[in-house]
Amino acid sequence: MPTTIDYDAKIPNNVGLADDRRLQRALEGWQPKFLGWWGEMGPSLENHGVYLRTAVSVGRDGWAHFGHVNVPDYRWGIFLAEPTPDRRVAFGEHKGEPVWQQVPGEYRADLQRLIVVQGDTEPASVEQQRLLGLSAPSLYDLRNLFQVNVEEGRHLWAMVYLLHAYFGREGREEAEALLYRNSGSPDAPRILGAFNEETADWLAFFMFTYFTDRDGKYQLGSLKESAFDPLSRTCVFMLKEEAHHMMVGTTGVDRVVTRSAQLVREHDTLDIAACGGIPLDIVQKYINFHYTVSLDLFGSETSTNAANYYTAGLKGRWQEERRGDDHRLTEDGVRLDKPSPDGSWGADEVPALLALNLDLRDEYIADCRTGVKRWNRILEEHGVDFRLRLPHPGFNRHVGLASGHHVTPDGTIVDEETWEASRAHWLPTAEDLAFVRSLMQPVYERGKIASWVAPPTAGINGKPFDYEYVRLV
Ligand code: BYC
């Protein structure tokens, strides 16, 4: 299997596509449809080149090659991480057996489903972010938007490759459907809830790349454990790119909080809307929203789907090999907190196998806390008393045990009327959204930045903030 990428090929790849003419032709047939979709649904700002990172090989030095690229000419390719010699299944009933290079018949439907769900999120996020190029706070941010978008496009290619290469006609049909469904479409929406929400402003973009891309990190991390080796190797490479997306989110929220804190200090009031800043209570409402729709992406706390995926070896746990148990989980139990009809929280013991979505979600929540901690440190350093926090995992949920209950951000179960009466304090209102949107005026002069966000502390690939990250038309 080659590890360098053939950029002269129509579809750059390190999967030896030239040796499989049928597959190559099928993917070359899908390529113009992808480009058509990108033209219609991709970023809407014309330019003469964006300073982008492109993978030229999957090895340590090659995957982050920087240069100005005319975005429609970006070379979306198919890259798998290098194989691990003698890799064995790490969990489930096939534990210890060699990993699979082909899809076992009995797991075909489940694997296809997982790949389709993963693949569906990638173009969805590009669609959600389509208009953000019209209102970026700086050229640096605009460049990051393009980078995130081209890589989500590449992640779509990654899943389409698997569908074409391993799932026959049905796989090809699913690959078509990935371009047919659209975020927010009333007739053919994206599969998972969060991917039908709008990302209408840059604070939402930073929250999305912090909270929703982080779900991507954890889902890809558990699919990386898969016994189906091509899926595992695909996810390993995707995770490298994903790290940049989360950096955009983490530092993006850092920069909003920093700017808001500066304005609070400068004007000695939390009411900084009139000074062109985003009030911290609106930042909190955005956290409440984006965090909770992202929690929904983990599915129900108890799930037979997740148990079956694990037992079959299709989807593992986060850092499966570092866990100190038997990696089969047939005997283990875990505690599950759940809302009771009397309005109190109770606890059950449930089989660990059934609670794997909860296990992954707990890892995710612990990771999300690190962001809130750093944002609060920024507030503290600026001498501002306001503190941000993650709401209770039962708050504002539409999937899982707490859906159908009215849970406040501090975890109290209340009746619908009480909850609705406070909704505007907890989640962004139409006025909040309109206000944030009113701040979203593009700033496309080199070295300049919008008033509601602080500049980044470092540029991209060692370049300064005032670098011409995007050459505008
Ligand atoms: N919305 O047993 P359950 C990323 C469905 S993000 C709508 O509770 P399961 C990225 C579920 O499909 C990572 N439907 O859950 C980020 C099932 O339907 P079926 C994406 C939902 O199956 C930013 C039924 O409810 N990757 O990469 O254990 C930018 C019962 O489900 C939702 C993956 O998610 C929802 N929120 O777990 C770009 C990995 N939640 O099958 C990219 C692949 C559940 O009965 N997916 N349902 O019709 C999976 O592992 C699982 O499908 C899920 C759900 C974790 C999503």
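**Exercise 1.** In which sense, and over how many bridges, do strand E1 (residues 47-54) and E7 pair?

*Solution.* The model under study is predicted. E1 and E7 pair in the antiparallel sense, over three bridges. As a specific pair, Asn 47 has Leu 472 of E7 as its bridge partner. The pairing belongs to an open sheet of three strands, whose order is E2-E1-E7 and whose pairing is antiparallel. Strand E2 (65-69) and strand E7 (470-472) are the edge strands, each pairing on one side only. Direction ignored, neighbouring strands of this sheet are turned against each other by 10° on average. Finally, helix H3 (residues 139-166) lies across E1, E2 and E7 and runs at about 65° to E1.

**Exercise 2.** Determine how helix H2 (residues 108-128) and helix H5 (residues 202-223) are oriented to each other, and describe their contact.

*Solution.* Begin with the axes: they come within 12 Å and cross at roughly 160°. Angles over 145 degrees count as roughly antiparallel; H2 and H5 are therefore roughly antiparallel to each other. The handedness of the H2 and H5 crossing is left-handed. Next, identify the contact residues: H2 contributes Leu 114, Gln 118, Ser 125 and Gln 128, which meet Phe 208, Gln 219, Leu 220 and Leu 223 of H5. Sorted by class, this contact has four nonpolar residues, four polar residues and no charged ones.

**Exercise 3.** Describe the connection between strand E3 (residues 333-339) and strand E4 (residues 345-351).

*Solution.* The two strands run antiparallel and are joined by seven bridges. One of the pairs is Gly 333 with Pro 351 in E4. E3 and E4 form a hairpin with five residues between them. In the turn, Gly 343 has a positive phi of about 90°.

Notes
Residues numbered from 1 in each chain as written. Predicted model: local features only at pLDDT ≥ 70, side-chain atom pairs only at ≥ 80, totals over all residues. Heavy atoms only, no water. Axes fitted to C-alpha atoms, helices over the stretch in contact; angles between N-to-C directions. Helix = DSSP H or I, 4+ residues; strand = E, 2+ residues; numbered from the N terminus. Parallel < 35°, antiparallel > 145°, perpendicular 65-115°, else oblique. Left-handed = near helix turned anticlockwise from the far one by under 90°. Contact = heavy atoms within 4.5 Å. Nonpolar A, V, L, I, M, F, W, Y, C, P; charged D, E, K, R; others polar. Pairing = 2+ DSSP bridges.
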